[in-house]
Amino acid sequence: MPDLTVLGGVGSLVAAEIDVKRSRFLCRLVRVETEDAARAAIDAARAEHWGARHHCSAFVIGPSGTPDQVRRSNDDGEPSGTAGRPMLEALSGRGLVDCVAVVSRYFGGTLLGAGGLVRAYSESVLTTIDQAQSRGLLVARERRELFRLALSHADAGRIEAELRQRGVLILGTRYGQEALLDIAGEDAERLGAIVAQVTAGAVDMEALGHEWVDVER
């Protein structure tokens, strides 16, 4: 399963709501890169939905399978293990990384019991993930080889367009004395062949190492 996160860079947000026995569960998924940013997103949900009784949360930061991946959850006053943990399991089960889920609950007057709470908090996160996926608001995170092309201003636009047409992932362009075009690929040899074809062999690729990048599918 590929790692997924919220499309659009740090701070991007997707939200959805479910009702369970008149209790409202408002979930937001926010893209973050640090624990501090995750906690700031939780505080922002608390400030916006100040009338909610609970603001339960879970976040995953860093790629799957890496030793320094950060995983945290918080029940925020709900019975232990009934909110934060099932939210975290929902994120991990769908491969979500670099994001925080916050569920603000407005109590509807009916006690749900431990099993009901687990189902409600899990469903709230899963519903938000499903809606984000159906709207094309999730993006894969993949480790790719990065390269830089130094191009003339006159050729930069054409070369970028032709590389895009051939499926090359374009990370960005900076303009100075030359146009510096950053690209990424899974196979350096194949990528080099595409660049050579598009530039008639006139441009070399400068290797920049590896990085986790967004890849739309």
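I'll start with the term: a salt bridge here is a side-chain nitrogen of Lys or Arg within 4 Å of a carboxyl oxygen of Asp or Glu. By that rule the count comes to 16 salt bridges. Keep in mind that this is a predicted model.

I'll go through three of the pairs, beginning with Arg 141 and Asp 214. Their side chains meet in a salt bridge, 2.8 Å from N to O. This pair links distant parts of the chain: Arg 141 sits in strand 7, residues 138-151, and Asp 214 in strand 10, residues 205-215, with the two residues 73 apart. Arg 141 has 15% relative accessibility, so it counts as buried, because the cut-off for buried is under 20%. Asp 214 has a relative accessible area of 25% and is partly exposed.

These two residues also belong to a network of salt bridges, in which Arg 31, Asp 98, Arg 141 and Asp 214 are linked.

Next, Arg 148 and Asp 182. The side chains form a salt bridge at 2.7 Å, N to O. Here, too, distant parts of the chain are linked: Arg 148 is in strand 7, Asp 182 is in strand 9, residues 179-185, and they are 34 residues apart. What about burial, then: are Arg 148 and Asp 182 buried or exposed? Both are buried.

Last, Arg 166 and Glu 162. The closest N and O atoms of this salt bridge are 3.9 Å apart. Arg 166 is partly exposed, at a relative accessible area of 33%. Glu 162, at 22% relative accessibility, counts as partly exposed as well.

Terms used: Residues are numbered from 1 along each chain as its sequence is written. This is a predicted model: local features need pLDDT of at least 70, side-chain atom pairs count only at pLDDT 80 or more; totals for chains, interfaces and linings use all residues. Side-chain values use heavy atoms; hydrogens and water are left out. Helices (H or I, at least four residues) and strands (E, at least two) are DSSP runs, numbered from the N terminus. Buried means under 20% relative accessible area, exposed over 50%, partly exposed in between (1.4 Å probe, protein chains only).
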